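Let's take a friendly walk through the charged side chains of this protein. Have the sequence and the 3D view ready.

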Amino acid sequence: MDNPVPPRAARSGPRRRDRHGRGMRGPIAPPQVPLAASRAEAFADLVQDSVERLERRWPQLAEIDFLVLEVPRLDGPGEAWNDEAVPLGGTIPSREGRPARVIVYRRPVEIRTKGRDERAALVHEVVVEQVAELLGLTPETVDPRYGED
């Protein structure tokens, strides 16, 4: 053996291939297509679409913060779990210079729906109900199409 194979030098950079020689896995889809959006991002887009739809009729909604949280938390004083259904949304009235907030809980809404269209309809219902509660109106006043399938 005149030409022994020199030992591999330890690399300091990232691996170019996995141990099977197939290469690193890349993204499934480019970032600009809907498939690349996470479920949380897609849900936030549904909430934003619903808010934009309502803002055309109610410009004062621009002063309200709309939030998406994973699940409701009941950790305040006097709040305890009970046998009632899990809430799909909630409101926090404005106080001390902070704007009012409408909260939509993503996981309870997702569990109750099967497809994107059904999810979009339920998200809009929740947003309309919470806005109606904040404004002291009926949901039908906030959105005349409320309750229609």
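The notes below go through salt bridges and then a charged patch in this predicted model.

## Salt bridges at a glance

Four salt bridges are found in the structure. Three of them are described here, beginning with Arg-106, which pairs with Glu-70 and with Glu-110.

## Arg-106 and Glu-70

Let's start with the pair that reaches across the sequence. In the salt bridge between Arg-106 and Glu-70, the closest N and O atoms are 2.7 Å apart. The two residues come from distant parts of the chain, with their positions 36 residues apart: Arg-106 belongs to helix 2 (residues 106-111), while Glu-70 sits in the loop between strand 1 (65-69) and strand 2 (89-92).

How do the partners compare in exposure? Arg-106 has a relative accessibility of 7%, so it counts as buried. Glu-70 has 37% and therefore counts as partly exposed.

## Pairs within helix 2

Arg-106 also has a partner in its own helix: a salt bridge joins it to Glu-110, with 2.9 Å between the closest N and O atoms. Because these two residues are four apart in helix 2, about one helical turn separates them. Glu-110 is buried too, because its relative accessibility is 10% and the cut-off for buried is under 20%.

Glu-110 has a further salt bridge, this time with Arg-107, where the closest N and O atoms are 3.0 Å apart. Both residues lie in helix 2, and their spacing of three residues is about one turn of the helix. Arg-107 has a relative accessible area of 29%, so it is partly exposed.

## One network

Which residues do the shared partners bring together? Glu-70, Arg-106, Arg-107 and Glu-110 form one network, joined by salt bridges that have partners in common. If you trace it in the viewer, you can go from Glu-70 to Arg-106, on to Glu-110, and from there to Arg-107.

## A negative surface patch

Now for the patch. Which residues form the negative surface patch? They are Glu-41, Asp-45, Asp-49 and Glu-52.

Asp-45 is a handy one to look up, and its place is in helix 1 (residues 39-55). Its relative accessible area is 43%, so Asp-45 is partly exposed; patch residues need over 30% and no salt bridge.

How values were computed:
Residues numbered from 1 in each chain as written. Predicted model: local features only at pLDDT ≥ 70, side-chain atom pairs only at ≥ 80, totals over all residues. Heavy atoms only, no water. Salt bridge = Lys/Arg side-chain N within 4 Å of Asp/Glu carboxyl O. Buried < 20%, exposed > 50% of the residue type's maximum accessible area, 1.4 Å probe, protein only. Patch = residues over 30% accessible without salt bridge, like charges linked within 9 Å, V, L, I, M, F, W, Y side chains within 5 Å. Areas by Shrake-Rupley, 256 points an atom, 1.4 Å probe, with all protein chains shown as cover. Lys, Arg positive; Asp, Glu negative; His and termini not counted. Charge placed at Lys NZ, Arg CZ, Asp CG, Glu CD.
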